[in-house]
Amino acid sequence: MKCHRRRAICLSLALGLALTACSSGARAARVAGPPGRWSQFLHVPGVVDLAGPHGDGSFTVAAAGRLFILSRGGALRPFARGRGGYSTALGPEPYITLAGDDRAAGARCSFSSGTTFALQPGKRPGIILIGADGGARRFVSLPATLAPDGITFDSAGRFGHKLIVTARNHTGTSVLAIDCAGGIRAITTHAPVVEGGITMAPASFGRYGGDLVAPNESTGQVFAIGPDGAVVTLASSGLPHGGDIGVESTGFVPPGFGARDSAYLADRFSKGNRHPGTDSILRLPGSELLKAGVRPGDLLVATEGSARTIVVRCATSCTVRYIAVGPAITHAEGHIVFALPAR
């Protein structure tokens, strides 16, 4: 294994559940018993991504070119419909994110809490804004040479409290920071190929606090990208990798997460795929995560094929453990989100 120069920890995971970090020789603890299980929680045709939670514990669901709100109690209702609402083409991957309300650096405005932003792939790529009232509009347009494939919001602030978008270009990936006025700045145009459920690391995530975390399904690597555009390999997952198989979804366990809470993940139907999916939202109970030693501030990373899941924990060094798996046919997409059940 080769360690990278910028504060890097080079990791290699064995599916026997132990990991050695090449910088320190530390070995992660083993997980007793079988791994946790993602299971079908709710059938949602065409589901591709989840965002949230909102202040009331609900989160936004992107499915079949439309949006829904899933309540804390498990009820699904249409959102942003009718004149001025949201709809997009079927087939692409219009990932979504939920904005915070922090003032963007260098701009005389703030994003509005509760606002959803959605990628608009295709011949006229851009970002769509969907307000809390369901009204939708094109927020920014992107060059036709870019193919947007990841979106998140910088809640930690190292990128200036902006929307962060990854987009495939001719040579790799562009990482774009977009402020509340629609101003776009390229963080880098030479990042490795990444896509899917990108997310921002909390300040507590050791050496990588505040960095963008992005997976590469083809190689099985998970990258950390700093606000200066520098890229390091955060972890090598050791999981199966390749197109529609490798690491796809990420999410950080929030503060206060407990045994009665849960993680959720979209499992999209993909006809003719090796992993065709179940067209449902998957759930992984908090009790199983805690049993596996997961705690708030940890990073979960799941593969597109079968939702094989690792937990990454970073302080002065990083450790990785394999902790869960979904149904064999799972075709996971987008972000891992965390919401509380009805109390």
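How many bridges join E22 to E27, and do these strands run parallel or antiparallel? Here are some notes that begin with that pair and then move outwards.

1. **E22 and E27.** This is a predicted model, so please read each point below as a description of a prediction. In it, E22 and E27 run antiparallel and are joined by six bridges. One facing pair to look for is Leu265, which stands opposite Ile336 in E27.

2. **The other partner of E22.** Strand E23 (residues 280-285) is also antiparallel to E22, and six bridges join the two. Here Tyr264 is the residue to find, as it stands opposite Arg283 in E23.

3. **How enclosed E22 is.** Strand E22 covers residues 262-267, and six of its six residues are buried, so the strand is largely enclosed by the rest of the structure. Both of its faces are covered. Ser262, Tyr264 and Ala266 are buried on one side, while Ala263, Leu265 and Asp267 are buried on the other.

4. **Thr330, just ahead of E27.** Thr330 sits in the loop between strand E26 (318-325) and E27. With a relative accessible area of 0%, Thr330 is buried, because the cut-off for that class is under 20%. Beyond its neighbours within four places in sequence, Thr330 contacts Asp267, His275, Gly277, Leu282, Glu304, Gly305, Ser306 and Ala307. Asp267 in that list is also one of the buried residues of E22.

5. **The largest pocket.** You will meet E27 again here: it gives five residues to the lining of the largest pocket, the largest share. The volume of this pocket is about 970 Å³. Its lining is made up of 41 residues, and Gly52, Pro53, Ser155, Phe252 and Pro254 lie nearest the centre. Besides E27 (332-339), the elements that give two or more residues to the lining are strands E5 (47-51), E9 (96-98), E13 (147-153), E17 (199-200) and E21 (247-252). Sorted by class, the lining has 21 nonpolar, 15 polar and five charged residues.

6. **The sheet that includes E9.** Strand E9, named above for the pocket, also belongs to an open sheet of four strands. The order is E9-E10-E11-E12, with antiparallel pairing. E9 and strand E12 (136-141) are at the edges and have a single partner strand each, so one side of each is left without a neighbour in the sheet. On average, neighbouring strands of this sheet are turned by 25° against each other, direction ignored.

7. **The E11 and E12 pairing.** Within that sheet, strand E11 (residues 126-130) pairs with E12 over five bridges in the antiparallel sense. For a landmark, try Ile127, which stands opposite Val140 in E12.

8. **Ile164.** Another residue worth a look is Ile164, in strand E14 (residues 163-168). Ile164 counts as buried because its relative accessibility is 0%. Residues up to four places away in sequence aside, Ile164 touches Gly150, Ile151, Thr152, Asp154, Phe159, Val175, Leu176, Ala177, Ile198, Met200 and Leu212. Thr199 is 35 residues from Ile164 along the chain, yet their C-alpha atoms are separated by 8.8 Å.

9. **The chain as a whole.** To place these details, note that the protein chain has one helix and 27 strands. Of its 343 residues, 57% are buried. Among contacts between residues at least 6 apart in sequence, 57% join residues at least 24 apart.

Note on methods:
Residues are numbered from 1 along each chain as its sequence is written. This is a predicted model: local features need pLDDT of at least 70, side-chain atom pairs count only at pLDDT 80 or more; totals for chains, interfaces and linings use all residues. Side-chain values use heavy atoms; hydrogens and water are left out. On a 1 Å grid over the protein atoms alone, a cavity is a set of points where a 1.4 Å probe fits but cannot get out, and a pocket is an open set with protein on both sides within 12 Å along at least five of seven lines; lining residues have an atom within 4 Å of a point. Grid points are joined across faces, edges and corners, and a volume is the space filled by probe spheres set on the points. Ala, Val, Leu, Ile, Met, Phe, Trp, Tyr, Cys and Pro count as nonpolar, Asp, Glu, Lys and Arg as charged, and the others, Gly among them, as polar. Two strands pair if DSSP finds at least two bridges between them. Axes are lines fitted to C-alpha atoms, for helices over the stretch in contact, and angles run from 0 to 180 degrees between N-to-C directions. Buried means under 20% relative accessible area, exposed over 50%, partly exposed in between (1.4 Å probe, protein chains only). Contact means heavy atoms within 4.5 Å.
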